[in-house]
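User: Please look closely at the inside of this protein. I want to know what lines any empty space and what packs around it.

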Amino acid sequence: MIHLTLSNITKQFAGTTAVENFNLEVEKGEFVSFLGPSGCGKTTTLRMIAGFEIPTTGTVKIDDADITDKAPNQRNVGMVFQAYALFPNMTVSQNIGYGLRIRRESKATIKKTVEEMLALIHLEQKGNSYPHQLSGGQQQRVALARALANHPQVLLLDEPLSALDAKIRVSLRAEIRAIQRKLGITAIYVTHDQEEALSISDRIVVMFEGKIEQVGTPFEIYNFPQTAFVASFVGTLNTTTAEVVDPVKQLLQTEGIQLETAEGLDGKQKGDKVSIAIRPERFNFIAQERKANILDCKIENITFLGSVVRIQVLIGTTRFNMDTFNNPFLELPKIGDKAQITCSREAVLVLKN
């Protein structure tokens, strides 16, 4: 069931377009991440859902109710900010119950809800503590509980983990996802961290320069990027230009080497130029697995990245990265060696312009 609808949203500031023709439908209980670099319009879009910004054109609806022009306190959404935004002179319990007090809920309702929220974020013993007595991770959990205490229709999270260290971010994002699933609440999550978006989202909206580049599941976004930007922004990717040799047989050529792709080349003619991409992990040495495409190369560099070994190879004049899992018995070529690598037809992605 469609719960949140953004239709033809455009936002301009002093003649500059921050968001352009943004269209999205979000189902009830879905976790959607807005992913993109700084300045791509993802936070502006979130703020339009929250009511802190009004779209120049377009509409925002929750359950078919138009909330485009409503003030933030007139729409039932919860917001978790990057900087926690907790009241320093209030205890944890008072912070969590603040919105309920503003709504003039009964003391019994506030007490019951606060206790439920403290249990939900596993801080039952911290109700009487003040924000300065908590760690960064604990403060962000309190901010999350405060946003959830009002039982919002949509939960909005604006880069909530960016101020935390890497280890805490990993554990807390899993906790946020678990809470979201438990409550069945619709959530919109803004991040520039691709790993974060890939790990917790039902769907990802990749944005660039105010526009949607691609919408899809993490599996689709990573394995089947539709544009050159998505291919370059999400994960590590080898990209180059190829020439269409035979559009019917799906044959391409780059650096004098013929490649076969599983993707359709509809509308392409022999001699047309296309952008192609291959993930580093899709390459193998010939001795390991012989696939459709065989490429002669020279080993340029070998880099150990913990669980992964990245091998840089030179194919003609183009450098490609190849990733293989590390293990104590891994036999690697030497820098300067000649080798042959291979990849499947499905590994060769043809990108849209």
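Analyst: What follows starts with empty space and moves outward.

First, the ground rules. This is a predicted model, where local features need pLDDT of at least 70, side-chain atom pairs count only at pLDDT 80 or more, and totals for chains, interfaces and linings use all residues. Residues are numbered from 1 along each chain as its sequence is written, and side-chain values use heavy atoms, without hydrogens or water.

Rolling a water-sized probe over the atoms shows where space is left empty. A cavity is a set of points, on a 1 Å grid over the protein atoms alone, where a 1.4 Å probe fits but cannot get out; its lining residues have an atom within 4 Å of a point. Points are joined across faces, edges and corners, and a volume is the space filled by probe spheres set on them. The count is one cavity of 30 Å³ or more. The largest cavity holds about 30 Å³ of space.

What lines it? V80, Q140, R141, L144, L157, P160, L172 and I176 do. Six of these residues are nonpolar, one is polar and one is charged. Here Ala, Val, Leu, Ile, Met, Phe, Trp, Tyr, Cys and Pro are nonpolar, Asp, Glu, Lys and Arg are charged, and the others, including Gly, are polar. Helices (H or I, at least four residues) and strands (E, at least two) are DSSP runs numbered from the N terminus. Helix 4 (136-149) and helix 5 (166-183) each give at least two lining residues. Helix 4 gives the most, with three.

Now take one lining residue, L157. Leaving out residues up to four places away in sequence, L157 touches L46, V80, L144, I176, A187, I188, Y189 and V190. A contact means heavy atoms within 4.5 Å.

L157 also belongs to the largest nonpolar core. Such a core is a set of buried Ala, Val, Leu, Ile, Met, Phe, Trp, Tyr and Cys residues joined through side-chain atoms within 4.5 Å. Buried means under 20% relative accessible area, exposed over 50%, partly exposed in between (1.4 Å probe, protein chains only). In soluble globular proteins, nonpolar side chains tend to be buried together. The largest core has 33 residues, and I96, V142, L144, L148, L155 and L157 touch the most other members. Two or more residues come from each of helix 2 (92-102), helix 3 (107-120), helix 4, strand 7 (154-158), helix 5 and strand 8 (186-191). Helix 4 has the largest share, seven residues. A separate core of 27 residues includes L265, I299, F320 and C343.

Helix 2 deserves a second look. Its buried residues are V92, N95, I96, G97, G99 and L100. Helix 3 and helix 4 are among the elements that cover them. An α-helix has 3.6 residues a turn, so residues three or four places apart point the same way. Most residues other than glycine have a negative phi. Just after helix 2, R104 has a positive phi of about 60 degrees. On the other side, A85 sits in the loop between strand 6 (77-80) and helix 2. A85 is partly exposed, at 40% relative accessibility. From A85 to N95 is 10 residues in sequence and 9.9 Å in space, C-alpha to C-alpha.

One last check concerns cysteines. A disulfide is a pair of cysteine sulfur atoms within 2.5 Å. The whole structure has zero disulfides. C343 cannot bond because its closest cysteine sulfur, in C297, is 12 Å away. C343 is buried at 0% relative accessible area, and C297 is buried at 6%.

Methods
1 Å grid on protein atoms, 1.4 Å probe; cavity = no way out; pocket = protein on both sides within 12 Å on 5 of 7 lines; lining within 4 Å.
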